[in-house]
Amino acid sequence: SQPVLSVGVVALWFVLFAKIFGKSSVRTIDVVGTQCFAFLPLAPVSTLGFFHIVQEMNVKLQEFAANPGTSLGVGPLQMTAFVVLMLVVMLLTVWSAIWIYKGLKVAANLPDSIHIPVYVTGLLVGMIVPKVLISFIF
């Protein structure tokens, strides 16, 4: 539920600024549609929790965080697989971030000087607001 809420909050933030500062009329569906599409590269990331290696590394890293002096106790093959998965996650995240910016730039039709501040604040609001909302609900 949080990823869907994040997309919605980011899209609504971008629509709000597009309506206020946009050069011309902006259709809400254009902004929301481009943002939904921009978050598609992150869909495979949500399936990583089903991989045994990720679950195992999660437990090991939590144990290591509780007792930093101890060894992780992870073999080189497991560590390599985990690092490769995390590199893929980073690449998909950067790809999605680029698409989010390009989608904002095209759909919102904002002046050039305001793209980056709206983009950065939109991503921050999109990360914080859903967590706060979910904490109030649950």
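Which residues in α1 meet which residues in α5? In this predicted model, the α1 side of the meeting is made up of Gln2, Leu5, Ser6, Val9, Val10, Trp13, Phe14 and Phe17. Their partners in α5 are Val118, Tyr119, Thr121, Gly122, Val125, Gly126, Val129, Pro130, Lys131, Leu133 and Ile134. By class, this contact has 13 nonpolar, five polar and one charged residues.

Now for how the two helices sit together. The axes of α1 and α5 come within 8 Å and cross at roughly 135°, which means that α1 is oblique to α5. Their crossing is right-handed.

One residue of this contact is worth a visit: Gly122, in helix α5. Gly122 counts as buried because its relative accessibility is 0%, and buried means under 20%. Leaving aside neighbours within four places in sequence, Gly122 is in contact with Val10, Trp13 and Phe14. Gly122 and Val10 are 112 residues apart along the chain, yet 5.4 Å separates their C-alpha atoms.

Next, have a look at α4, which has 33 residues. From its first C-alpha to its last, α4 reaches 47 Å, close to the 48 Å expected at 1.5 Å a residue. Its buried residues include Phe82, Leu85, Val89 and Leu92, and further along Ser96, Ile100 and Gly103. In an α-helix, residues three or four places apart point the same way, because there are 3.6 residues a turn.

These helices are among what covers the buried residues of α4:

| Covering helix | Residues |
|---|---|
| α1 | 2-21 |
| α2 | 28-38 |
| α3 | 52-66 |
| α5 | 115-137 |

After α4 comes Asn109, with a positive phi near 55°.

Notes. Residues are numbered from 1 along each chain as its sequence is written. This is a predicted model: local features need pLDDT of at least 70, side-chain atom pairs count only at pLDDT 80 or more; totals for chains, interfaces and linings use all residues. Side-chain values use heavy atoms; hydrogens and water are left out. Helices (H or I, at least four residues) and strands (E, at least two) are DSSP runs, numbered from the N terminus. The expected span of a helix is 1.5 Å times one less than its number of residues. Buried means under 20% relative accessible area, exposed over 50%, partly exposed in between (1.4 Å probe, protein chains only). Contact means heavy atoms within 4.5 Å. Axes are lines fitted to C-alpha atoms, for helices over the stretch in contact, and angles run from 0 to 180 degrees between N-to-C directions. Angles under 35 degrees count as roughly parallel, over 145 as roughly antiparallel, 65 to 115 as roughly perpendicular and the rest as oblique. A crossing is left-handed if the near helix is turned anticlockwise from the far one by less than a right angle, and right-handed if clockwise. Ala, Val, Leu, Ile, Met, Phe, Trp, Tyr, Cys and Pro count as nonpolar, Asp, Glu, Lys and Arg as charged, and the others, Gly among them, as polar.
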